[in-house]
Amino acid sequence: MSQKVTIRFKPLGSLAYVSPHTVSIDRERPFAHLVAFLQRKLANSTELWCYIGNAFQPDQSTPVGQLWDLYQENGQLVVIYSPIVAFG
């Protein structure tokens with residue numbers, strides 16, 4: 001059985017909040033899985049920029065568990081999503 005990590009989504013700019021705001025997923029899933037999840041929830045046909053905290057956009061192939069291990073806050077990995085490039 002694979003371990004799960006908790007992900008919290010926060011919108012930036014004009015995008016709506018997704019429901020649920022917090023999900024638990026297998027730690028081995030790639031970051032691209034989170035991006036695809038958000039695009040489905042938002043019915044977004046344009047580009048979606050996803051960041052860890054307010055800092056950087058990870059490589060799409062990085063396992064979310066690895067990101068969680070390094071950048072989680074209070075047991076949650078915060079993923080900020082935006083319709084435009086927001087952070088360097």
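**A tour of salt bridges, a ring pair and a helix face**

At 47% relative accessibility, aspartate 69 counts as partly exposed, and this residue is a convenient place to start in what is a predicted model. Keep aspartate 69 selected and add arginine 27, since the two side chains meet in a salt bridge with an N to O distance of 2.6 Å. The pair links distant parts of the chain, with arginine 27 in the loop between S2 and helix H1 (31-42) and aspartate 69 in helix H2 (residues 64-71), 42 residues apart. Colouring by accessibility at this point shows arginine 27 as buried, because its relative accessible area of 16% falls under the 20% limit.

Next, select aspartate 26 and lysine 4, which form a salt bridge whose closest N and O atoms are 3.5 Å apart. Here too the pair links distant parts of the chain, with aspartate 26 in strand S2 (residues 22-26) and lysine 4 in strand S1 (residues 4-11), 22 residues apart. Aspartate 26 is partly exposed, at a relative accessible area of 25%, whereas lysine 4 is exposed, at 54%. With this stop the tour has visited the two salt bridges that the structure holds.

Now turn to the aromatic side chains, of which the structure holds two pairs. For one of them, select phenylalanine 9 and phenylalanine 37: the ring centres lie 5.5 Å apart and the planes meet at 25°, so the pair is stacked, the limit for stacking being planes under 30 degrees apart. Phenylalanine 9 lies in strand S1 and phenylalanine 37 in helix H1, so this pair ties together parts of the chain that are 28 residues apart in sequence. Show the surface around the two rings, and phenylalanine 9 proves to be buried, with a relative accessible area of 1%, while phenylalanine 37 is buried with a value of 16%.

For the last stop, return to helix H2, where aspartate 69 is located, and select its buried residues, which are Val64, Gly65 and Leu67. Turn the view until you look down the axis of H2: the buried residues fall within an arc of 160°, so they line one face of the helix. What do the buried residues of H2 pack against? Displaying their contacts brings up S1, S2 and H1, together with strand S3 (49-52) and strand S4 (77-82).

Technical notes
Residues are numbered from 1 along each chain as its sequence is written. This is a predicted model: local features need pLDDT of at least 70, side-chain atom pairs count only at pLDDT 80 or more; totals for chains, interfaces and linings use all residues. Side-chain values use heavy atoms; hydrogens and water are left out. A salt bridge is a side-chain nitrogen of Lys or Arg within 4 Å of a carboxyl oxygen of Asp or Glu. Helices (H or I, at least four residues) and strands (E, at least two) are DSSP runs, numbered from the N terminus. Buried means under 20% relative accessible area, exposed over 50%, partly exposed in between (1.4 Å probe, protein chains only). Rings of Phe, Tyr and Trp (its six-membered ring) pair if their centres lie within 6.5 Å; planes under 30 degrees apart count as stacked, over 60 as edge-to-face and the rest as tilted. The arc is that of the directions from the helix axis to the C-beta atoms. Contact means heavy atoms within 4.5 Å.
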